[in-house]
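Please read the following report beside the sequence and the coordinates, taking the strands before the side-chain pairs and the nonpolar cores.

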Amino acid sequence: MTAAAVGVPRQQTGVVVEQVVRTFGERTVLDHLDLTIDDEELVVLLGPSGCGKSTLLRLLAGLDRPDGGRIEVPVNRAIVFQGDRLLPWQRVLRNVTLGLRGPDADQRARKALTDVHLSDRESAWPKQLSGGEAQRVALARALVSEPELILLDEPFAALDAITRVRMHELVRELRRAHHASMLLVTHDVDEAIALADRIVIMNSGRIGNAHRVELSARDREASIAREELRLALLAELGLANPH
């Protein structure tokens, strides 16, 4: 099998994954997986623990290499993890400028902090931030390079329910402002319905069914169509009691 081409320069902001394989010893984690993400599309990836979701994100981020298949992604991409991964010995602004070059680094970081509604926290230490604020700094650090692809690996899983809803609203704002393609990994079906243009189910290292979400913002919160989609997703995830 040929090695995948990762990070090939492209004008499009989408993603192409064809027949990708990733093995660890005798265990096949990704088994000839196919996935596409259109320009500016937000795809949510649902699946049980251990099905290969985070492995796929690491491949798309360039943090790992596949054993076979082909991957095309934009060169300029960023990843946000479940933990904020902020440097505790650096203030917020320096955490956002991490890795940036050029005389306008601070200016770009301040704009990113404004985008996530944290312009007043640039001098704070990470230990002074709430969980939601820390994740917003992590988002700002991802946004500061104006990526064409943003990979989100369960970034809101550790947050309380109210903060998570606020983060969902922020993601919607950021999509409108930055026009990036996004791939969000989550275990939360309600989160998937709230945010996705398309929801794909992953199991045993492959992509299964896909559901395009064509609901209004109001219908995503409560509607017969939302409940039908929710029940279908839960059934496909193998949950015996979806209620």
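The report below goes through two strands and their partners, then salt bridges, then nonpolar packing.

**Strands β3 and β8**

The model is a predicted one, and the description starts with strand β3, which spans residues 42-46. Because 5 of the 5 residues of β3 are buried, the strand is largely enclosed by the rest of the structure. Its side chains point in two directions, with Leu42, Val44 and Leu46 one way and Val43 and Leu45 the other way, and all of these are buried.

β3 has pairing partners that include β7 and β8. With β7 it runs parallel, joined by 4 bridges, and Met182 in β7 is the bridge partner of Leu42. With β8 the pairing is also in the parallel sense, again over 4 bridges; here Val43 stands opposite Arg198, while Leu45 stands opposite Val200.

Strand β8, residues 198-203, is mostly covered, since 5 of its 6 residues are buried. Besides β3, it pairs with strand β9 (residues 206-212), in this case in the antiparallel sense and over 5 bridges. Asn203 has Arg206 in β9 as its bridge partner, and the hairpin formed by β8 and β9 has 2 residues between the strands, with Ser204 taking a positive phi near 55°.

**Salt bridges**

The count of salt bridges in the model comes to 17. Three of the pairs are set out here with the distance between their closest N and O atoms.

| Pair | N to O distance |
|---|---|
| Arg198 and Glu41 | 2.9 Å |
| Arg110 and Glu122 | 3.0 Å |
| Asp188 and Arg164 | 2.7 Å |

What does the salt bridge of Arg198 with Glu41 tie together? Arg198 lies in strand β8 and Glu41 in the loop between β2 (27-37) and β3, so the pair ties together parts that are 157 residues apart in sequence. Arg198 counts as buried because its relative accessibility is 12%, and Glu41 is buried as well, with a relative accessible area of 5%.

The salt bridge of Arg110 with Glu122 joins helix α3 (residues 105-115), where Arg110 lies, to the loop between α3 and α4 (131-143), where Glu122 lies, so the parts it ties together are 12 residues apart in sequence. Arg110, at 36% relative accessibility, counts as partly exposed.

In the salt bridge where the side chains of Asp188 and Arg164 meet, distant parts of the chain are linked: Asp188 is in the loop between β7 (181-185) and α6 (189-195), and Arg164 is in helix α5 (residues 161-178), 24 residues apart. Arg164 counts as buried, at 17% relative accessibility. Elsewhere, Asp190, Arg226, Glu227 and Arg230 are linked in a network of salt bridges.

**Nonpolar cores**

In soluble globular proteins, nonpolar side chains tend to be buried together. In this model the largest nonpolar core has 50 residues, of which Val44, Leu46, Val96, Val116, Leu139, Ile199 and Leu233 touch the most other members. The largest share of this core, 7 residues, comes from α4.

Which residues does Leu139 touch, not counting those up to four places away in sequence? The contacts of Leu139 on that basis are Val80, Val116, Leu152, Met167, Leu170 and Leu174. Apart from the largest core lies another, of 24 residues, with Val29, Cys51, Leu183 and Val185 among them.

Conventions
Residues are numbered from 1 along each chain as its sequence is written. This is a predicted model: local features need pLDDT of at least 70, side-chain atom pairs count only at pLDDT 80 or more; totals for chains, interfaces and linings use all residues. Side-chain values use heavy atoms; hydrogens and water are left out. Buried means under 20% relative accessible area, exposed over 50%, partly exposed in between (1.4 Å probe, protein chains only). Two strands pair if DSSP finds at least two bridges between them. A salt bridge is a side-chain nitrogen of Lys or Arg within 4 Å of a carboxyl oxygen of Asp or Glu. A nonpolar core is a set of buried Ala, Val, Leu, Ile, Met, Phe, Trp, Tyr and Cys residues joined through side-chain atoms within 4.5 Å. Contact means heavy atoms within 4.5 Å.
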